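Let's sit down with a structure and learn to read it piece by piece. Bring your questions, and we'll work from the overall picture down to single side chains.

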Amino acid sequence: MADDSQELGRLREGIDAIDGELLRLINERAQLAHRIGEIKQGNIYRPEREAQVLRRVAERNPGPLSAAAAQRIIREVMSACLALEQPLTIAYLGPAGTYSEAAARKHFGGAPTLLPCAAIDDVFRTIESGNAHYGVVPIENSTEGAIGRSLDLLLSSPLKICGEINLPIHHNLMTRCGTLPDVARVYSHAQSLAQCHEWLNRNLPLAIRVPVASNAEAARLAAGEAGAAAVAGDAAAELYALPILAANIEDDPNNTTRFVIIADHDAGASGADRTSLVCSAQNRPGAVYQLLAPFADNGVSMSRLESRPARGFGGSRWEYVFYIDIEGHRSEPAVARALEELRHRAGFVKELGSYPKAIY
């Protein structure tokens with residue numbers, strides 16, 4: 001026992017010494033970041049630079065920490081250093097406790113001020129009016145598909161995409177009810193109810209399902225109503241002090257929502273990028289093929305193709321626009337050639353932005 005106690009003492013002294021060195025190095029990094037901020041003009045936040053740093057962390061990480069854990073630590077260090085030079089305000093689809101808030105914190109860390117908005121439209125307006133630097137909005141879910149309102153606003157807004165976040169979505173049933181048979185009503189966002197459809201059918205077949213504006217709002221309602229439950233995430237359960245009766249009830253264990261970061265600029269090339277655009281096909285035979293051919297001809301991979309009615313953009317009935325994601329940055333020669341050829345073939349083309357792919 002004495003030997004164990006002595007070893008514990010030595011190990012703790014070693015940890016204390018390392019903690020002191022970490023503190024010194026973090027502050028030295030902050031001083032370097034401060035000097036860079038003095039030299040740089042315009043936006044201090046550079047999405048492409050942060051992506052490069054985080055990728056390098058994963059490549060050089062020796063363990064035993066996982067690459068994702070190491071990246072989260074460095075993300076927080078970068079977030080704190082950036083706040084010394086350019087305190088950021090991030091608008092997101094609120095209220096507090098939503099998955100959009102979790103996505104914002106995952107990407108920007110804990111330093112920025114987070115500003116909840118009542119609707120996706122309000123996130124766009126907040127950025128356009130200059131009341132926030134960046135916005136985070138959902139754009140698609142792996143189970144339920146595209147978020148139509150986000151796509152429509154990207155078409156009509158002058159804002160650009162400068163980043164993306166992939167957030168695994170794990171839904172919980174939270175309630176003050178002691179058992180499942182006590183649950184008579186389930187609140188949640190319509191998408192979340194759909195993502196848990198089969199579980200709810202099996203376990204709560206008689207409970208009334210009530211769609212509401214957000215999962216956080218669902219948790220708020222369930223917290224104050226006897227016999228009610230909510231389908232929401234961990235943050236909402238903590239915010240409203242709701243016990244989780246059943247965890248991870250989503251039908252697809254790989255359920256993931258993709259969020260995009262919007263701003264008045266996109267991002268520079270990081271080395272592993274994506275470009276998003278929207279275009280229309282001319283009204284003639286083979287028009288859709290003509291839209292896609294420039295990418296194939298130039299060896300540019302397409303990762304997403306989504307059609308939407310062209311409402312609100314001068315389109316008549318039954319006219320559509322096409323949202324396309326391609327691999328690579330718009331400044332890369334092959335991508336630039338493909339986009340130039342597309343402009344000659346499409347009715348119109350709007351580049352929504354080039355940005356680093358989601359890191360972790």
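What follows is a dialogue about this predicted model.

Q: Where do I start: how many helices and strands are there in the protein?
A: Start with the inventory, and keep in mind that we're reading a predicted model. The protein has twelve helices and 15 strands. Its C-alpha trace spans about 85 × 60 × 35 Å along the principal axes.

Q: What share of the 360 residues is buried?
A: Buried residues make up 46% of the 360. You can also look at the outside: the accessible surface comes to about 17700 Å², and carbon and sulfur atoms account for 54% of that.

Q: And what share of the contacts with a separation of 6 or more comes from residues 24 or more positions apart?
A: That share is 77%. With that in mind, let's look for places where distant stretches of chain meet.

Q: How do I read a nonpolar core, and which residues have the most contacts inside the largest one?
A: The general idea is that in soluble globular proteins, nonpolar side chains tend to be buried together. Here, the largest nonpolar core has 26 residues, and Ile120, Phe124, Leu154, Ile262 and Tyr323 have the most contacts inside it. Several elements each supply at least two residues of this core, including helix H5 (120-128), helix H6 (148-156), strand E11 and strand E14 (320-327). Apart from that core lies another, of 20 residues, with Leu82, Phe108, Ile169 and Phe259 among them.

Q: Which residues does Ile262 contact, leaving aside its neighbours within four places in sequence?
A: Ile262 touches Val123, Phe124, Ile127, His133, Tyr134, Gly135, Leu154, Leu159 and Lys160. Two of the partners, Phe124 and Leu154, you've met already as residues with the most contacts inside the core.

Q: How do I read a strand, and which strands pair with E11?
A: A general idea to carry along: in a regular strand the side chains alternate between the two faces of the sheet. As for E11, strand E3 (residues 134-141) pairs with it in the antiparallel sense over six bridges. Strand E5 (residues 160-168) also pairs with E11 in the antiparallel sense, over eight bridges. Ile261 is a handy spot to see both pairings: it is the bridge partner of Val136 and of Gly163.

Q: Is E11 mostly covered or mostly uncovered?
A: Mostly covered: E11 runs over residues 256-263, and seven of its eight residues are buried.

Q: How do I read a salt bridge, and how many are there?
A: Look for a side-chain nitrogen of Lys or Arg within 4 Å of a carboxyl oxygen of Asp or Glu. By this rule the count comes to 21. Then ask where the two ends sit in the chain. Glu21 and Arg24 meet in a salt bridge at 2.5 Å, N to O. Both lie in helix H1, three residues apart, about one turn of the helix. Glu21 counts as partly exposed because its relative accessible area, 36%, lies between the 20% and 50% cut-offs. Arg24, at 43%, is partly exposed too.

Q: What about Arg258 and Asp325: are they buried or exposed?
A: Both are buried. Their side chains meet in a salt bridge at 2.9 Å, N to O. This pair links distant parts of the chain, with Arg258 in strand E11, Asp325 in strand E14, and their positions 67 residues apart. The two also belong to a network of salt bridges, together with Glu140, Glu164, Arg274, Arg304, Glu327 and Lys357.

Q: Can the two ends of a salt bridge be read separately, and what is the case for Arg46 and Glu48?
A: Yes, take each end on its own. Arg46 and Glu48 meet at 2.5 Å, N to O. Arg46 is partly exposed at 38% relative accessibility, whereas Glu48 is buried at 6%.

Q: Which residues does Pro47 contact, beyond its neighbours within four places in sequence?
A: Pro47 is in contact with Cys162, Ala267 and Pro356. Pro47 lies in helix H2 (residues 47-60), and at 6% relative accessibility it counts as buried.

Q: Last one: which residues form a nonpolar patch on the surface?
A: Ile18, Leu22 and Ile26 do, with about 260 Å² of accessible area together. Leu22 is found in helix H1 (residues 2-39), and its relative accessible area of 45% makes it partly exposed.

Notes:
Residues are numbered from 1 along each chain as its sequence is written. This is a predicted model: local features need pLDDT of at least 70, side-chain atom pairs count only at pLDDT 80 or more; totals for chains, interfaces and linings use all residues. Side-chain values use heavy atoms; hydrogens and water are left out. Buried means under 20% relative accessible area, exposed over 50%, partly exposed in between (1.4 Å probe, protein chains only). Helices (H or I, at least four residues) and strands (E, at least two) are DSSP runs, numbered from the N terminus. Two strands pair if DSSP finds at least two bridges between them. Patches are made of residues with over 30% relative accessible area and no salt bridge: like charges are joined within 9 Å, nonpolar side chains (Val, Leu, Ile, Met, Phe, Trp, Tyr) within 5 Å. Accessible areas come from the Shrake-Rupley method with a 1.4 Å probe; for residues, only the protein chains shown count as cover. Contact means heavy atoms within 4.5 Å. A nonpolar core is a set of buried Ala, Val, Leu, Ile, Met, Phe, Trp, Tyr and Cys residues joined through side-chain atoms within 4.5 Å.
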